[in-house]
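User: Please take one part and look at it closely with me, step by step, explaining each term when it comes up. I would rather have one long, connected answer than a list.

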Protein chains: 4
Amino acid sequence: MSGIKVVTIGGGSSYTPELVEGFIKRYEELPISELWLVDIPQGKEKLEIVGNLAKRMVQKASVPMEIHLTLDRKEALSGADFVTTQLRVGLLDARAKDERIPLKYGVIGQETNGPGGLFKGLRTIPVILDICKDIEELCPDAWLINFSNPAGMVTEAVLRYSNIKKTIGLCNVPVGMRMGVAEMLDVAPERVHIDFAGLNHMVYGLNVYLDGKLVTDQVLDILSSGASMTMKNIVDLGWEPDFIKALRVLPCPYHRYYYQTGKMLAQQAEELNEKGTRAEVVQGLEAELFELYKDPTLDIKPPQLEQRGGAYYSDAACNLINSIYNDKNDIQPVNTRNNGAIASIPHDSAVEVNCVITREGPKPIAVGDLPVAVRGLVQQIKSFERVAAEAAVTGDYHKALLAMTINPLVPSDTVAKEMLDEMLEAHKEYLPLFFHEERV
Amino acid sequence: MSGIKVVTIGGGSSYTPELVEGFIKRYEELPISELWLVDIPQGKEKLEIVGNLAKRMVQKASVPMEIHLTLDRKEALSGADFVTTQLRVGLLDARAKDERIPLKYGVIGQETNGPGGLFKGLRTIPVILDICKDIEELCPDAWLINFSNPAGMVTEAVLRYSNIKKTIGLCNVPVGMRMGVAEMLDVAPERVHIDFAGLNHMVYGLNVYLDGKLVTDQVLDILSSGASMTMKNIVDLGWEPDFIKALRVLPCPYHRYYYQTGKMLAQQAEELNEKGTRAEVVQGLEAELFELYKDPTLDIKPPQLEQRGGAYYSDAACNLINSIYNDKNDIQPVNTRNNGAIASIPHDSAVEVNCVITREGPKPIAVGDLPVAVRGLVQQIKSFERVAAEAAVTGDYHKALLAMTINPLVPSDTVAKEMLDEMLEAHKEYLPLFFHEERV
Amino acid sequence: MSGIKVVTIGGGSSYTPELVEGFIKRYEELPISELWLVDIPQGKEKLEIVGNLAKRMVQKASVPMEIHLTLDRKEALSGADFVTTQLRVGLLDARAKDERIPLKYGVIGQETNGPGGLFKGLRTIPVILDICKDIEELCPDAWLINFSNPAGMVTEAVLRYSNIKKTIGLCNVPVGMRMGVAEMLDVAPERVHIDFAGLNHMVYGLNVYLDGKLVTDQVLDILSSGASMTMKNIVDLGWEPDFIKALRVLPCPYHRYYYQTGKMLAQQAEELNEKGTRAEVVQGLEAELFELYKDPTLDIKPPQLEQRGGAYYSDAACNLINSIYNDKNDIQPVNTRNNGAIASIPHDSAVEVNCVITREGPKPIAVGDLPVAVRGLVQQIKSFERVAAEAAVTGDYHKALLAMTINPLVPSDTVAKEMLDEMLEAHKEYLPLFFHEERV
Amino acid sequence: MSGIKVVTIGGGSSYTPELVEGFIKRYEELPISELWLVDIPQGKEKLEIVGNLAKRMVQKASVPMEIHLTLDRKEALSGADFVTTQLRVGLLDARAKDERIPLKYGVIGQETNGPGGLFKGLRTIPVILDICKDIEELCPDAWLINFSNPAGMVTEAVLRYSNIKKTIGLCNVPVGMRMGVAEMLDVAPERVHIDFAGLNHMVYGLNVYLDGKLVTDQVLDILSSGASMTMKNIVDLGWEPDFIKALRVLPCPYHRYYYQTGKMLAQQAEELNEKGTRAEVVQGLEAELFELYKDPTLDIKPPQLEQRGGAYYSDAACNLINSIYNDKNDIQPVNTRNNGAIASIPHDSAVEVNCVITREGPKPIAVGDLPVAVRGLVQQIKSFERVAAEAAVTGDYHKALLAMTINPLVPSDTVAKEMLDEMLEAHKEYLPLFFHEERV
Ligand SMILES: [Mn+2]
Ligand SMILES: [Mn+2]
Ligand SMILES: [Mn+2]
Ligand SMILES: [Mn+2]
């Protein structure tokens, strides 16, 4: 590749300036000649706002990176080297429903591995698989790097139901955990290494090293003494110290939804009353951001963006692309085909696991068996992801109900059905496969 | 073996007359010459009441089966051919606590795979492992057939932490399912075959056959139209018809605790208010039974016993012993070493699966992978059983907390710890391993 | 089924009278109303000779079993309950080449798992897959029971490349081993049970029981003291006593080809000089048998047939059909889908393993891992079978060469290619897939 | 670590100057302050010759690396950071017997995975396990890097029978393959990447990349047109072009012994007649080298050493140590615990597979299933290695016989026993475990 062509689908996202900044910073070793920002007609206005900011940023930085804005996905994809997807089918309105409807039934929405995530998957997967068909035709050698949630379920679907093999799902959770551990230990993040393994938003740190020495127990001790390691969008209710000692591996912030279900539900219900759903909060933040972006004198990523959540996402993305392009052989935790890396997960399923990143793509590091105590929950989410992905590609009502019922956050088959029916209706316009004919 | 010697530990149980009746009925092909009923000093009175009834039953039936009553386990075990265990460490009082304490925290006690089952396991496993040591010394060729709950966890512990290989865990749930299906189809049970696989109280009917033809869909249709297939001790709240269609395999009655957690909890809380715990109800039933048993003119199993629950248990036990003794090669679902029969469960773990029963013991039938949708829950309960068994043999507080927290009925680490601490204290006298020294 | 219809493809075989005798003996519990013997035009004469004998046998026995002779396979298959296949594509002439050509290169032909078996598979598999298509259309509920060698490779091919799931591969080797052990122990065969596991003609007795007690060591001791346990068609050169002690499981007679390659080769070369190939010897025996069969006064299976080799084959077949029809639940070693029964062999591959035989078919008993020492050879033959089956269905020259070269009897890639080329040419008329177009 | 301490056991080897040169070249990033060369009393003279050359080399290069020569292993090991082992128990005389005795029986000796390798393992493994005990006591944090053959069997034994987890087996074959491919493609080796997987001396290149693009087919085409890729010590008889096309993965030079057994045997027999065994040839080379080494004016590695074979060994060793020390995260193929990296090989067995090399050690890259065609041979050698390692630690005659007989180079149980008995006698003084008491 000389003169790299990157296509970002969902380019009108408020995160785009971070991505652009990341590319600018790395321009010397990662010479992107064309960055295509693609969006759908409804996103045209935002695309232009963000796109113009991107152009000003590039100009200010004096790097010869062309910014293209388009609503024509096929035009953009032609000859691409890297395709990134940061979609939100149905926008934040849909997410608000994903969060609000379950709460009516006393259930956490959880926009990735919960009922909300099921619906985000049902809306997103068919779109991603359409993109896969375009890639196959227009840029068969490109890497598809997906940031759209639920990233684990999406990667599972791409591996299982498309012909694209060069695909990677990306998440900022592991980076955040490494940063959090570094902070707890009061050391530079580069000195910390974590053996990550599990699924997206269900990833564990099996071992933690400082300068190559095992410090897992020490880190778990600090964590059980109340140190925080969470994310902007997940409240930290504190772990039960003895539980963390008992677990003996580092949980991720999303584990709170499963190991602290009752407490998290109460907290979410309260927050809903006070501030509305997280989606609604984000809508406010986004509106403010786009106001900033419009300012024609702004030519850098505005610092307010960091308040938005999603820290490290673009950094993770840029690092991943950079490592592939430059064959860096560094270790990054990504979502990829398991291939035996985690025992008891099928070889052909997606997992989130440390990989060495080469120009041939990510190569998963074999970690063997997960600890007995965590195998069950991981397997349960994997079952959920697989059944949900099957529902998404078939539009099969019963598969969707099955996915909903086996989700560990859902308290009964009856509640599952009630939520499912209400959510199907609410998201009807984004679920053509479920409504294209009479349900039998 | 000529003149079979059977030893029943916990012989003073109210179920014993059923077992005795089963042995009497099969005497011709299963010539038991000695039946030793063993109990502990606190159970002496009941042992004598039941034992005397047993003697009258044998006499009435004119079979030359000697009934021995003893408090000396070692004397009984010497030279035994079959040892059955039907223990209740702490008696029904302990079970009442297993049920009542969790309900205080808004959690179903579930005396087998729930928090109650964890404590029943912690109390029972060390006693069973002691019996294993006696068997190794006094009757190393005997078969140990365990009916004590949690039968899956106990079998896991015996396989993992004793030297006894000839062990089988037994449950009446699969027999009950077969009876239930036969009733739904209105046919004789012998015409129905079910491919059972899973764990104890977490077993699925993967395929259902009538006269060798697959009728799974037909049976699931009947089940989703509201037909019942439950047990005396598990209320039937009705399955969500679409869920059953979606599941595509036959669940067991205990699955209600996991697929209908919310509803079952509400129901149990209500029942507690009205009638007390199930343990307390059973205490009443038992008192009545023992009054009946005392009647010196009673020389058959009184019909009231069938109201007690546990239907088919003794029948299952007698059939199992009979098939081993007579090398019957019939298929029975029992708890045994997996050996690869169910993929994704370790070879050395206990599973409940169809086995062909031979004089060399049960040989598990390989079923391959469980359906994707049920793999997660099964794995989660297996994780729970393994961690719980490890806690039981080590007395490790953190392992116990880990088992409690990963149990799918438990809503958070904090609730887990609170319940654990209260239950440890409540059962203190039966948990010497947890209290023999200061907890670190 | 009432009035069972059995179709025997390759019905003109000299073995047929044994099969007919077996059906007659079992008529009371296995009421076969129609037995269709099917053959190809070249086999018309033999079919008539054998068929007429069969008719006389049935008449003499006074059982109402209709014997039909036909060259029209489709007519025969319509509505069949059981289809047995005992084909020899290319007849004994082809087998003679399978044996003679390899010997020219200093290689044992071995008509099942050796170079000869590769070619027998290449000739046979496409014919069997054609039969599968007919079964799918004309009798989709029938059981396909294949006796044709190489039975393991054929079963692998049917499982992998046809839509027929109700298929079983059958071999007399395990029955013979059981008989041999009974003889060594001087007991009735019914008292002996062997845990069989492995592949066709590569099967081991993992444990041997007499009346339910383990006697493996005792049997291996007898075997290492020189007792024989072989088959009519495999010379017994004696096992190295220390090797048998070291192996600790019971080998099958065909294992001599792999554990005694050098000696067997020398022996075969010598025998070739003296008597010609085994195929040629059999041709003589067959000619004599057909002379006998022609005798219009003969109305029983002539005792000379037992000299022919293949002892127990028909018995095994009749027992298998009987157990399926009558849901006998007895344990029989057959070739079937592994399903996890033998660890380290893929679930979807054929294995030869003890199964419980029910009206729903054979259910494999999980044996877990094979002993370390035998895993390699078993895996190697499984690799050979899979690559050979792929070659047979594709007609791919390179796959055929790969199968030939990885066969443990073949000493080098060069010899493999030379043999392959000569054998392809020699069997040209039976290998249309390999010659339908120019090899690239 | 500051001031790295390296201990080389078998330091008197003729290879040592290469290692020293490698350390000198890398001194800046790999500051070894002490290099201890350890040998046994019989090797004292050679140790001094080599050690003095090492001292001169260091002095000439002006690096502050202390060279210590000692016969006291414990003194050397105390506080070591890296321990390398390059032993030859019984010296080249023993190797000559490993090669010569099998040839008498018409069998290739093959000093690693053949009968010769079995005996090299029997002699070497107990010594290595002794070293492991010393390491546990004297430098428990050290890395044990073993070059001694049979490196796969030795690594298996260390993983299975010692408490040392930080162990790596090293071989120059993969480096040689990469060099060979680079030469075939006429490109710099750095541009070639190969996905290595298998066992020591039984490793395959599953995929070959040039600049990140798959070129496997192209490389196999070149290889089948006669290009060579072999080693000094393995003659290249040419691959059968169609076989290489059929195999579709890159074999290693040692594969000739298994895929070209007949030809290799003939070649070795001829060479024996002409030049004696390879061991004897090497003895001559070594004598010449030591003459050179004695020259007090020599202060560099003499170029003649490169004729000795074993090219790249020291380079591989230095690179490995360097990557651990500097956390380089580069990919190197080494022998390590499988951990699921190669499906169908147990997790706890040694494999040779690409690993990313970090300061926490090598992390194996999951490759999933090996191609069907090669799984069998790999499994067979793994079985051989495991049984042989068990024989080595127990001194069990029957295990040794079992290992010998299942080796794919050995033609029969009888030949196996004859060779075994002769070789046991020949190596008696180095096999105390086999002779410490009367064989039962
Ligand atoms: Mn994420
Ligand atoms: Mn039960
Ligand atoms: Mn056979
Ligand atoms: Mn090597």
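Analyst: C:H201 has a relative accessibility of 1% and therefore counts as buried, a word that here means under 20% relative accessible area, with exposed meaning over 50% and partly exposed the range in between (1.4 Å probe, protein chains only). The model is predicted, so local features need pLDDT of at least 70 and side-chain atom pairs count only at pLDDT 80 or more, while totals for chains, interfaces and linings use all residues, and side-chain values rest on heavy atoms, with hydrogens and water left out. Residues are numbered from 1 along each chain as its sequence is written, and chains are lettered from A and ligands numbered from 1 in the order in which they are written.

C:H201 belongs to a metal site: the manganese ion (ligand 3) has as its protein donors C:C171, through SG, and C:H201, through NE2, at 2.2 to 2.4 Å from the ion. C:C171 sits in the loop between β6 (167-169) and α7 (173-185) of chain C, and C:H201 in the loop between β7 (192-199) and β8 (202-210) of that chain, so the pair ties together parts that are 30 residues apart in sequence. The helices and strands named here are DSSP runs numbered from the N terminus, a helix being H or I over at least four residues and a strand E over at least two. A donor is an N, O or S atom within 2.8 Å of the metal (3.2 Å for Na, K and Ca), and because water is not among the atoms, a site may look incomplete. The partner of C:H201 is also hidden, since C:C171 is buried with a relative accessible area of 3%.

Chain D has a site of its own, where D:C171 (SG) and D:H201 (NE2) are the protein donors of the manganese ion (ligand 4), again lying 2.2 to 2.4 Å from the ion. There D:C171 is in the loop between β6 (167-169) and α7 (173-185) of chain D and D:H201 in the loop between β7 (192-199) and β8 (202-210), so this pair, too, joins parts 30 residues apart in sequence. D:C171 is buried at 3% relative accessibility, and D:H201 is buried at 1%.

How are the two chains that carry these sites related? Chain C is superposed on chain D by a rotation of 180° with 0.0 Å of shift along its axis, at an RMSD of 0.0 Å, where copies are superposed by least squares on the C-alpha atoms of residues with pLDDT of at least 70 in both. The two copies are thus related as by a two-fold rotation axis. They also use the same surface, for 100% of the contact residues of chain C recur in chain D, and contact means heavy atoms within 4.5 Å.

The residue numbered 201 also turns up in chain A, as a neighbour of an annotated position. An unreviewed UniProt entry lists A:R95 and A:N149 under "binding site"; such positions are given in the numbering used here with shortened feature names, and annotations may be inferred rather than shown by experiment. The two positions are spread over 55 residues of sequence but cluster in space, the largest C-alpha distance being 11.0 Å. A:N149 is in the loop between β5 (143-146) and α6 (151-161) of chain A and is buried at 12% relative accessibility. Setting aside neighbours within four places in sequence, A:N149 is in contact with residues including A:E111, A:N200, A:H201 and A:Y313. A:R95, in helix α4 (residues 91-104) of chain A, is buried with a relative accessible area of 6%. Apart from residues up to four places away in sequence, A:R95 touches A:R88, A:E111, A:R123, A:R278 and A:A279.

Finally, chain D, which holds one of the manganese sites, also meets chain A, in a contact that takes 27 residues from each of these two chains. About 1900 Å² is buried between chain A and chain D, with 52% coming from carbon and sulfur atoms; buried area is the accessible area (1.4 Å probe) that two parts lose on being put together, summed over both. Two salt bridges are counted between these chains, each being a side-chain nitrogen of Lys or Arg within 4 Å of a carboxyl oxygen of Asp or Glu. One salt bridge pairs D:K363 with A:D195, at 2.7 Å from N to O. Chain A and chain C, by contrast, share no contact, their closest C-alpha atoms lying 13 Å apart.
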